[in-house]
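Visitor: I am new to this structure and would like a close look at a single part of it. Could you walk me through the open sheet and what surrounds it?

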Amino acid sequence: MGQQKNRFVLVFILFVVPMVLHSQEYLRTTYSTDDGLVSSTIHDSAPPLLELLHLDASGMKFPLNRDITLEYHQNDLTFYFRGISVIDEKAIRYNLKLEGFDREWVRGFQTPNNQYRYTNVAPGKYRFYIQAVNSLGEKSGILSSGTITVKNPFSQTAWFYILVFFLVLFIIFFIANFISKRRLASRLEEEVRQRTRELEASEKY
């Protein structure tokens, strides 16, 4: 009986105690991605995980892992992302910046919808950066989108200016040609009148 008791104590010390300590030090989380459910072991003070999802540009969806070219009227941009934390996921804050639009980082932003919106974005090139911060102040790595290009309207492109240049040249040529023809016609009319007067004068004699 004493031998069995000693064996039980030994098993408890060798196996149960380490398992309890290990469970207190590490947490296991399962989260969903586009490839399905992913399970990973995360230290209880690990920084949050962060994923860039997609961009909604005036109602059209674009992936953020490649360069994007938008028409000038697609200038209402909403970025979707997802932060994951085993500590307090609702307390996750975000540092973010749209390079080319924001002068400084937007820090400590919280959102229940996991999105951030920019309106009336002018034509140009942009890149979106984001970082997640958990309730302990631990930060994820900084993620960035591809280059986002908002095109100029046609009235602000080089082709438009070229067309306007040639149109102005055509108008100038047309006006100059019209004036030249009018002057030539007036001169011919004057010559005809002069010749007619000369003929009438010669007939009198």
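Guide: Happily; here is a tour of the sheet, from its strands to the side chains around them. Please keep in mind that this is a predicted model.

Let us begin with the layout. The open sheet is made of four strands, arranged in the order S4-S3-S6-S9, with antiparallel pairing. Strand S4 (60-63) and strand S9 (115-118) are the edges: each has a single partner strand, so one side of each has no neighbour in the sheet. From one strand to the next, the twist averages 25°. As general background, the strands of a sheet pair through backbone hydrogen bonds, in either a parallel or an antiparallel way.

Now look at the pairing of S3 and S6. Strand S3 (residues 49-57) and strand S6 (residues 77-84) run antiparallel and are joined by eight bridges. To find one of these on your screen, pick Ala 57, whose bridge partner in S6 is Leu 77.

The side chains of Arg 82 and Glu 51 also meet, in a salt bridge with an N to O distance of 2.6 Å. Arg 82 belongs to strand S6 and Glu 51 to strand S3, so this pair links parts of the chain that are distant, 31 residues apart. Both residues are partly exposed: the relative accessible area is 24% for Arg 82 and 22% for Glu 51. In general, side chains of opposite charge can pair when their charged atoms come close.

The structure holds three salt bridges, and another of them involves the edge strand S9. There, the side chains of Asp 76 and Arg 117 meet at 2.5 Å, N to O. Asp 76 sits in the loop between S5 and S6, while Arg 117 is in strand S9, 41 residues apart. Arg 117 is exposed, at 52% relative accessible area.

Next, turn to the nonpolar side chains. The largest nonpolar core has 24 residues, and Leu 70 and Phe 79 are the members that touch the most others. Several strands each supply at least two residues of this core, among them S3, S6 and S9 from the sheet, along with strand S5 (68-70), strand S7 (93-99), strand S10 (124-133) and strand S12 (148-150). Phe 79 is a good residue to click on. Setting aside neighbours within four places in sequence, Phe 79 is in contact with residues including His 54, Leu 55, Leu 64, Leu 98, Tyr 116, Tyr 118, Phe 128 and Ile 148. As a general point, nonpolar side chains tend to be buried together in soluble globular proteins.

Finally, follow the chain into two loops. Ser 58 lies in the loop between S3 and S4. The phi of Ser 58 is near 50°, a positive value in a residue other than glycine. With a relative accessible area of 39%, Ser 58 is partly exposed. Asn 120 is found in the loop between S9 and S10, and its phi is near 50°, again positive in a residue other than glycine. Asn 120 counts as exposed, at 63% relative accessibility. For background, most residues other than glycine have a negative phi.

To retrace the tour, start from the strand order S4-S3-S6-S9, cross from Glu 51 to Arg 82 through their salt bridge, and then visit Phe 79 in the largest nonpolar core.

Methods:
Residues numbered from 1 in each chain as written. Predicted model: local features only at pLDDT ≥ 70, side-chain atom pairs only at ≥ 80, totals over all residues. Heavy atoms only, no water. Pairing = 2+ DSSP bridges. Axes fitted to C-alpha atoms, helices over the stretch in contact; angles between N-to-C directions. Core = buried A, V, L, I, M, F, W, Y, C linked by side-chain atoms within 4.5 Å. Buried < 20%, exposed > 50% of the residue type's maximum accessible area, 1.4 Å probe, protein only. Contact = heavy atoms within 4.5 Å. Salt bridge = Lys/Arg side-chain N within 4 Å of Asp/Glu carboxyl O.
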